[in-house]
Amino acid sequence: MRKTTILLLLLVALATSAQTKREFRGAWIQCVNGQFLGMSTETMQKTLSYQLDELQKDGANAIIFQVRPECDALYQSSIEPWSRFLTGQQGKAPSPYWDPLQWMIDQCHKRGMELHAWINPYRAKTKTTTQLASNHIAIKHPERVFAYDGQFIMNPAIEENRTYICNVVGDILRRYDVDGLHIDDYFYPYPAAGQTIPDSRQYSEMKNGINNIGDWRRYNVNLFIQQLHDTISSVKPWVKFGVSPFGIYRNKKSSPMGSETRGLQNYDDLYADVLKWVDNGWIDYCVPQLYWQIGHKAADYATLIRWWNAHAANRPLFIGEDVERTVKYADVDNPSTTQVAAKHRLHEECTNVGGTVLWYA
C-alpha cells in the first residue's frame, strides 16, 4: 500500500500539468534483478497485471519492459535463447508456454498504454549468470565478447556485433507490435577498479586514423547508435527509439559545457556521446537517469535537470526518477516534507522536459 501511494503521489506531482495535452508518463519494469525467478506463469502474469492496473490508475501511459538483459530473450526468438531471468535456466522455454513480450503488448494496449521493448545491447552475461545456452552468442562466437568485472560484453569495436544486435532488433520489430525500442545506460562497461577493457589489439588494428582510444570507443558506439536508428527507421519508422543514459554527460572539470557535478561521466567513462545522438536526430527520446536527490553533493538533481533541459532539447526529453529516493529525502527548504513537490516545481520550470519515467515500477 505504501509503494502504491508513493507511485500515485509522484506520478500526479511530476507528470500532470494542465498546460500539457499529453506527457510521456512511463515506468521501467525490469527482470535482471531476478524479481520473476521462481514464479509460475500464472503468478508472473498476476504480478504484472497488478503492476499495470496500479500504474494505469496513477496515470502512466507507457511501460518500458525489459526483454533482453544478457543477449537472451523474454520472448520467442530463433536468434537468442530464452532468458534465465524468466525460467531459471537459459535456453529453457516457459511452461506452461507463454510469450511475455506479446502478453505485455496485449495488456498494455488494452489499457491504453504504450509498450517499449527494453534491451541491453552489449551485455552478454551478468555477474550472477553461471551457465550459458549452447546457442548463446558468447558460446557460438567467444572471439566477439570480452570478460570484464564478472561479465561478458559484446565488443563494440566489432562490426559483426553491431549488425547482430540490429538483426535482433529488426526481428523484434517485424514480429511484435511494440511502440518503442529502448536501450539503457550500459555501453562500454562501467569502470571497475583494477580492470582494463581488453581492446588494445582491436584499436591498433582498426583505429581508422583516430589517435585517441577514448575517441575511438565513442566512434564505435556512435556507429552502432546510427545503425540502430537506421534499422528501426527502415523496418517500422513509427516505432520510437529511446535511450536512458547515466545522469551525468560530463563534469565541468572535464569540459566547459559540463555540469557542476563530480561523478562518473557518459562521455568520458562509458564512451557514450549522448548529445551527439540527440543533435543528429538518431534517437527519438532521451531519458537521463537523474536518480539523485536535490542537494546531493556530487550530483545535485536540480543542477542536472536544468543542465539536460538546456542541452538536450533537440529531441523529446523525459526524466528518469528514482521513486524511493524522492520520498526518502526531505525537501531542503521544507524538511517536514519529501522532495516530490520540489521536483515537480523543477519539472515545470524546465520547459523542455516533456515527461517522466519511474524507476522502478
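Is Trp28 buried or exposed? Select Trp28 and have a look around: with a relative accessibility of 2%, this residue counts as buried. Keep in mind along the way that you are looking at a predicted model.

**Stop 1: two tryptophans**

The structure holds 21 aromatic pairs. For one of them, add Trp359 to your selection: Trp28 and Trp359 pair edge-to-face, with 6.1 Å from centre to centre and 65 degrees between the planes. This pair links distant parts of the chain, since Trp28 belongs to strand β1 (residues 24–29) and Trp359 to strand β12 (residues 353–359), 331 residues apart. Trp359 counts as partly exposed, because its relative accessibility is 23%.

Now widen the selection to Trp118, Tyr291 and Tyr360. Together with Trp28 and Trp359, these residues form one aromatic cluster.

**Stop 2: two tyrosines**

Next, select Tyr75 and Tyr176. Their ring centres are 5.8 Å apart and their planes stand at 80 degrees, so this pair is edge-to-face. Tyr75 is found in the loop between β2 (62–68) and α3 (84–87), and Tyr176 in the loop between α6 (159–175) and β7 (180–183), so the pair ties together parts that are 101 residues apart in sequence. Tyr75 and Tyr176 are both buried.

**Stop 3: charges over rings**

Show the side chains of Arg123 and Tyr186. Here the charged end of Arg123 sits over the ring of Tyr186, at 5.0 Å from the ring centre. Then move to Lys125 and Phe152, where the charged end of Lys125 sits over the ring of Phe152, 5.5 Å from its centre.

**Stop 4: a pair of helices**

Switch to a cartoon view and pick out helix α11 (residues 301–311) and helix α13 (residues 340–349). Their axes come within 10 Å and cross at roughly 20 degrees, so α11 and α13 are roughly parallel to each other. Their crossing is right-handed. To see what makes the contact, show Tyr301, Ala302, Ile305 and Arg306 on α11, and Lys343, Leu346, His347 and Glu349 on α13.

**Stop 5: back to strand β12**

Finish at Val357, which has its place in strand β12. With a relative accessible area of 0%, Val357 is buried. Which residues is Val357 in contact with, leaving aside its neighbours within four places in sequence? They include Phe24, Gly26, Ala27 and Ile64, as well as Trp28 from the start of the tour. Val287 is also among the contacts of Val357; the C-alpha atoms of Val357 and Val287 are separated by 7.4 Å, although the two residues are 70 residues apart along the chain. Add Ile319, Gly320 and Glu321 to complete the set of contacts.

Definitions and conventions. Residues numbered from 1 in each chain as written. Heavy atoms only, no water. Phe/Tyr/Trp six-rings, centres within 6.5 Å; stacked < 30°, edge-to-face > 60°. Helix = DSSP H or I, 4+ residues; strand = E, 2+ residues; numbered from the N terminus. Buried < 20%, exposed > 50% of the residue type's maximum accessible area, 1.4 Å probe, protein only. Lys NZ or Arg CZ within 6 Å of the ring centre and 35° of its normal. Axes fitted to C-alpha atoms, helices over the stretch in contact; angles between N-to-C directions. Parallel < 35°, antiparallel > 145°, perpendicular 65-115°, else oblique. Left-handed = near helix turned anticlockwise from the far one by under 90°. Contact = heavy atoms within 4.5 Å.
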